[in-house]
Amino acid sequence: MPRLPRLLVNLLVAVAIAAASTLGVSGFWRAIGGGDLTVHGWIALSLGIFGTVALAWLLMALAFKSDREGWDDRVDNTHDPGRDDDKS
């Protein structure tokens, strides 16, 4: 699958997860006796959930990219006091 359609599908999935999470949190809020959310509350809740999902997605993508490209293997650990091959 080409990159742009895959990105759009992933973005739509993230938006759907954010929308479902927003509705779930809203339902829980009403179940514990909270009042109705105003428009500003919905906007803040949606942005918070979407931001959290986007941040988690970005950090996991960076972790997979780092692992795939071998960035962790290139780190110089010669001064690490816990190295097993320390001859001193």
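Reader: How far does α1 reach from its first C-alpha to its last?
Author: This is a predicted model, in which local features need pLDDT of at least 70 and side-chain atom pairs count only at pLDDT 80 or more, while totals for chains, interfaces and linings use all residues. Residues are numbered from 1 along each chain as its sequence is written, and side-chain values use heavy atoms, with hydrogens and water left out. Helices are DSSP runs of H or I with at least four residues, strands are runs of E with at least two, both numbered from the N terminus, and the expected span of a helix is 1.5 Å times one less than its number of residues. For α1, with 29 residues, 42 Å is expected at 1.5 Å a residue, and its reach is close to that, at 42 Å.

Reader: Which residues of α1 are buried?
Author: The term buried stands for under 20% relative accessible area, exposed for over 50%, and partly exposed for what lies in between, with a 1.4 Å probe and protein chains only. What covers the buried residues of α1 includes α2. The buried residues themselves are Ala14, Ala18, Thr22 and Ser26.

Reader: With which residues is threonine 22 in contact, leaving aside its neighbours within four places in sequence?
Author: Threonine 22 has its place in helix α1 and counts as buried because its relative accessible area is 5%. A contact here is a pair of heavy atoms within 4.5 Å. Leaving aside neighbours within four places in sequence, threonine 22 is in contact with Trp42, Leu45, Ser46 and Ile49.

Reader: What phi does glycine 70 take just after α2?
Author: The helix before it, α2, has 31 residues and reaches 44 Å from its first C-alpha to its last, close to the 45 Å expected at 1.5 Å a residue. A glycine with positive phi also follows α1, namely glycine 33, near 95°. Just after α2, glycine 70 takes a positive phi of about 75°.

Reader: Which side chains meet in a salt bridge?
Author: A salt bridge is counted when a side-chain nitrogen of Lys or Arg is within 4 Å of a carboxyl oxygen of Asp or Glu, and the structure holds 1 of them. Its two residues are 4 residues apart in helix α2, so about one helical turn separates them. Both count as partly exposed, the glutamate at 36% relative accessibility and the lysine at 38%. At 2.7 Å, N to O, the side chains that meet are those of glutamate 69 and lysine 65.

Reader: Which residues does serine 66 touch, not counting residues up to four places away in sequence?
Author: Serine 66 lies in helix α2, and it counts as buried because its relative accessibility is 17%. One of the residues it touches, aspartate 72, is found in the segment after α2 and is exposed, with a relative accessible area of 51%. Not counting residues up to four places away, serine 66 touches Trp71 and Asp72.

Reader: How many residues of the lining of the largest pocket come from α2?
Author: On a 1 Å grid over the protein atoms alone, a pocket is an open set of points where a 1.4 Å probe fits, with protein on both sides within 12 Å along at least five of seven lines, and lining residues have an atom within 4 Å of a point. The largest pocket is lined by 13 residues, among them Arg3, Leu7, Asn10, Trp57 and Ala61, which lie nearest its centre. Both α1 (3-31) and α2 (39-69) supply at least two residues of this lining. The largest share comes from α2, with 9 residues.

Reader: What volume does the largest pocket have?
Author: Grid points are joined across faces, edges and corners, and a volume is the space filled by probe spheres set on the points. For the largest pocket, that volume is about 480 Å³.
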